[in-house]
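Reader: I am new to this. Please give me a close look at one part: the surroundings of the ligand. Short sentences, please.

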Amino acid sequence: MSRLIAPGRPRDMWIVAISRGVTIAVFCSGLAVVALAQDKSETVSAVRCGSIERIYQLSPRLYCGSRPSTAEDFAELARLGIHWIVSVDGIPPDVDAARTAGLRYIHIPLDYGSIETDQTARLIRAVEAAPGPVYIHCHHGKYRGPAAAAQTAGVLEAWPRERVAAWLSQAGLIPEEYPDLYASAIEPVKPDRATLDAIDPALLPDRAPVPDLVERMVEIDALWMELKEIAPDAVGEPALARQLGEQFRESARREESRRYGPDLIRSLETAAKAAFAVEAAWRDRQPAAAEREAVARSCVECHRAYRNRDRATR
Ligand code: HEC
């Protein structure tokens, strides 16, 4: 357990060890540290780090959590001893903020289906070549980041399958919702040495291109997060709901969306209508609880049908 207390960590940092459903909080004031870990081999510890959510330390060289968003977050990551950050999110990383804190970004955007073998190879190469601990993140730190961290732990730290499964269940990645992502997280195709050696870590990009629809969804997600801050019985700014509706409508017009077929286009148009209904209600100074629920349903239903598994198996 003492390995969790890395040198240089701020004194007020707390650590929580979660082992087989038992949560133990450990407060370290710089002197006394009392730990009651049940089974060290199954323990994944949560760490507090700025405004970052769901940040866990999986091994001395591997951390995983949500997207760092402030200068302080990056400074805290550096203080944890992190050197490189691997983003598997669709949002382009804030490379400048990371650099200011002395951190390097590597961007390997993943979707919610299987992790491709070349993505696994880049991920493993990045972590093994890093000069110190690595922080892997997606957006919320719930699914893609934990899946990438699971692959890394399986391949580089030789975690047995049960331990990987325990980690994924702790993170909240369930096979029913994300069957292909889960399958590749728990049983990664291990890249061979020649494949890894063919990747020059210096050339791994800090910003990788993402599909057009992902860019749209990133915008949609940001607007939706803002909208969700408004209480269901309150009246929000109509312009916010309008922007959301326009993003859906624009997504429906995009050439790339057509490749998913006419049903996806129709669902995007339905989502746009739901967002415009929120706008209309707010313009009339009415709360829009039912209309908002329709938008929320559109996210969940469409992701279930089109996002959360491989295209080939849909
Ligand atoms: C009609 C279908 C549809 C609707 C409605 C929809 N999405 Fe998506 N969304 C997708 C698809 C398809 C993808 C995967 C795109 C890809 O990986 O190529 C996606 C991806 C995403 C992503 C992942 C972006 C990344 O980093 O890779 C987020 C976040 C997201 N959607 C948020 C939302 C939110 C929030 C809503 C509702 C307010 C929503 N979406 C509504 C189809 C939809």
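Author: Contact here means heavy atoms within 4.5 Å. The model is predicted: local features need pLDDT of at least 70, side-chain atom pairs count only at pLDDT 80 or more, and totals for chains, interfaces and linings use all residues. Residues are numbered from 1 along each chain as its sequence is written, and side-chain values use heavy atoms, with hydrogens and water left out.

Begin with S87. This residue sits in strand β6, residues 84-87 (strands are DSSP runs of E, at least two residues; helices are runs of H or I, at least four; both are numbered from the N terminus). S87 touches P93, Y105, I106, H107, I108, P109 and H137, leaving aside residues up to four places away in sequence. Its relative accessible area is 1%, so S87 is buried (under 20%; exposed is over 50%, partly exposed in between; 1.4 Å probe, protein chains only). The S87 side chain also reaches the backbone nitrogen of D89 at 3.2 Å. That is a polar contact (N or O atoms within 3.5 Å; within protein, one must be able to donate a hydrogen and the other to accept it, and residues adjacent in sequence count only if both atoms are side-chain atoms).

D89 leads on to the ligand. A side-chain N or O atom of D89 is 3.2 Å from a ligand oxygen. G90 uses its backbone: an N or O atom there lies 2.9 Å from an oxygen of the ligand. H303 meets a ligand nitrogen, with a polar side-chain atom 2.8 Å away. Helices α8 (212-228), α11 (262-283) and α12 (289-307) are the elements that give two or more residues to the shell.

Now the whole shell. The ligand is surrounded by 23 residues (a heavy atom within 4 Å). G90, M217, C299, C302 and H303 are the closest. By type, 14 are nonpolar, four polar and five charged (Ala, Val, Leu, Ile, Met, Phe, Trp, Tyr, Cys and Pro are nonpolar; Asp, Glu, Lys and Arg are charged; the others, Gly among them, are polar). Domain 2 (53-203) and domain 3 (212-313) each supply at least three shell residues (bounds from an automatic or database assignment).

Last, confidence. The chain's mean pLDDT is 88, and 86% of its residues reach 70 or more (the predictor's confidence in each residue, from 0 to 100). Residues 1-40 are below 50, yet this stretch has 73 contacts in the model beyond near neighbours in sequence. Where pLDDT is low, predicted coordinates should not be read in detail.
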